[in-house]
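Visitor: I am new to this structure and would like to learn how to read it. Could you walk me through it, one feature at a time?

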Amino acid sequence: MSETSMQFASTLKVWRERAKAYADRILSLPNDSFEKTLSVAFWLCLVCAVLVAFSAVALKSLQEDNKAADMRRNILEVVGLWREGADINEAFKRFEVKVIDLKTGELAKDVDPNTYDMRKAAKDFKLSEPLPRDKDVASIKRKPKYATVYFLKDENGELNALVLPVWGYGLWSTMYGFLALEPDCNTVIGINFYDQKETPGLGGEVVNPNWRALWKGKRIYDQAGTPVLRLIKGRVNPGQEKAEFLVDGLAGATLTSNGVSNLIRFWLGEEGYKPFLAKQCPK
Ligand SMILES: Cc1cc2nc3c(=O)[nH]c(=O)nc-3n(C[C@H](O)[C@H](O)[C@H](O)COP(=O)(O)O)c2cc1C
């Protein structure tokens, strides 16, 4: 054994003996002694803190993987491709993920779609810009400069759908979701909300599959290119004028419904994806 390891072993032995002596002394004290109570509480806290810190660090990458998988599941779901038990990553291979500059609608070539987080960017002062009141239709305060757009392709590379992240304020919360459009950039395939805190049974019905099914085939832009799709109070009569631009409002939840109309108006408007969609689907 080398001299250093012998020194280390003897130091360890000394410390072990000291620790044992300390433990014996504390444990021999009466249970209601101040020192014993304080020592037990201290060591218990220390052990728990180490365990919690260790789990947080060790599980971080797993948590991030789960978050990414959940996002992918939501994207697959909004285009009707999600099947229970399916391999999410395999199914997601049909998507091409790109980052666009919201202002120009052009591809942002220097932003990596694999690492760019649009939600995080919206809170980052360098990657977002404040919205003046008159433009902040969806009450989101800041908008990211770049947006992640998901292109669903078939086996021949033909575009089947575009999935756009959207968010806006309801009554109690910011509702985060995805809107899927046909390749014509105007017809809705579906909408879903994966993060919202509206009241279950009222505004929380934004996640109800029956209500979400009403969106299929609805249209966003009128002849003038204005995003006019909105929720109305009550039910849409299929025969009524402009029914293709109207969706049933959520019963007893007009404020959440307004929030959904507003987020559509914002994200499909000039401040949102309109410049990109105009380039993607030129008239
Ligand atoms: C406990 C509670 C929770 C509510 N949650 C919501 C909600 O999530 N979304 C919403 O728009 N309205 C909610 N409302 C109702 C609103 O206060 C408001 O009355 C409603 O939006 C008006 O819609 P209506 O005109 O369709 O009745 C809630 C009301 C109460 C008392």
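Guide: Happily! Keep in mind that this is a predicted model. Let us begin with helix H1, which is hardly covered: among its 26 residues, the count of buried ones is zero.

Visitor: What span should the 26 residues of helix H1 have, and how far apart are its end C-alpha atoms?

Guide: The idea is to multiply out the rise along a helix and then check the ends. H1 covers residues 3-28, and at 1.5 Å a residue it should span 38 Å; the end C-alpha atoms are 38 Å apart, so the two agree.

Visitor: Now the sheet. In what order do its strands lie?

Guide: To read a sheet, follow the pairing from one strand to the next. Here five strands form an open sheet in the order E1-E4-E5-E6-E7, with antiparallel pairing. At the edges are strand E1 (95-101) and strand E7 (188-195), each of which pairs on one side only. On average, neighbouring strands are turned by 25° against each other, direction ignored.

Visitor: Which helices pack on this sheet?

Guide: Helix H2 (residues 34-78) is one of them, touching E1, strand E4 (146-153), E5, E6 and E7. The direction of H2 makes about 150° with that of E7. Helix H6 (residues 254-267) also packs on the sheet, where it touches E5 and E6. The direction of H6 makes about 120° with that of E5.

Visitor: How many bridges join E4 to E5, and what lies between the two strands?

Guide: Bridges tell you which residues face each other across a pair. Four bridges join E4 to E5, which run antiparallel, and Lys 153 stands opposite Leu 159 in E5. The two strands form a hairpin with five residues between them, and Gly 157 in the turn has a positive phi of about 85°.

Visitor: And how many bridges join E5 to E6?

Guide: Eight bridges link strand E5 (residues 159-169) with strand E6 (residues 174-181), again antiparallel. Leu 162 is opposite Leu 181 in E6, while the bridge partner of Val 166 in E6 is Gly 177. A hairpin of four residues connects E5 to E6.

Visitor: What does the turn between E6 and E7 look like?

Guide: E6 and E7 form a hairpin with six residues between them, and Cys 185 in the turn has a positive phi of about 65°. Six bridges join these antiparallel strands, with Tyr 176 opposite Asp 195 in E7.

Visitor: Why is E5 described as largely enclosed?

Guide: For this, count the buried residues. Eight of the 11 residues of E5 are buried, so the rest of the structure largely encloses that strand. E7 is likewise largely enclosed, because six of its eight residues are buried.

Visitor: Could we try a single residue? Is Ile 100 buried or exposed?

Guide: The test is a count of neighbours, with 20 or more other C-beta atoms within 10 Å making a residue buried. Ile 100 has 23, so it is buried. Its place is in strand E1. Leaving aside neighbours within four places in sequence, Ile 100 is in contact with residues including Leu 107, Tyr 146, Val 149 and Phe 276. By contrast, the C-alpha atoms of Ile 100 and Leu 81, 19 residues apart along the chain, are separated by 24 Å.

Visitor: Finally, which residues surround the ligand?

Guide: List the shell, then sort it by character. Among the surrounding residues are Leu 171, Trp 172, Glu 198, Thr 199, Gly 252 and Thr 256. The shell divides into five nonpolar, five polar and one charged residue.

Technical notes
Residues numbered from 1 in each chain as written. Predicted model: local features only at pLDDT ≥ 70, side-chain atom pairs only at ≥ 80, totals over all residues. Near = placed C-beta within 6 Å. Nonpolar A, V, L, I, M, F, W, Y, C, P; charged D, E, K, R; others polar. Pairing = 2+ DSSP bridges. Axes fitted to C-alpha atoms, helices over the stretch in contact; angles between N-to-C directions. Contact = placed C-beta atoms within 7 Å. Expected span 1.5 Å × (residues − 1). Buried ≥ 20, exposed ≤ 12 C-beta atoms within 10 Å, placed from the backbone.
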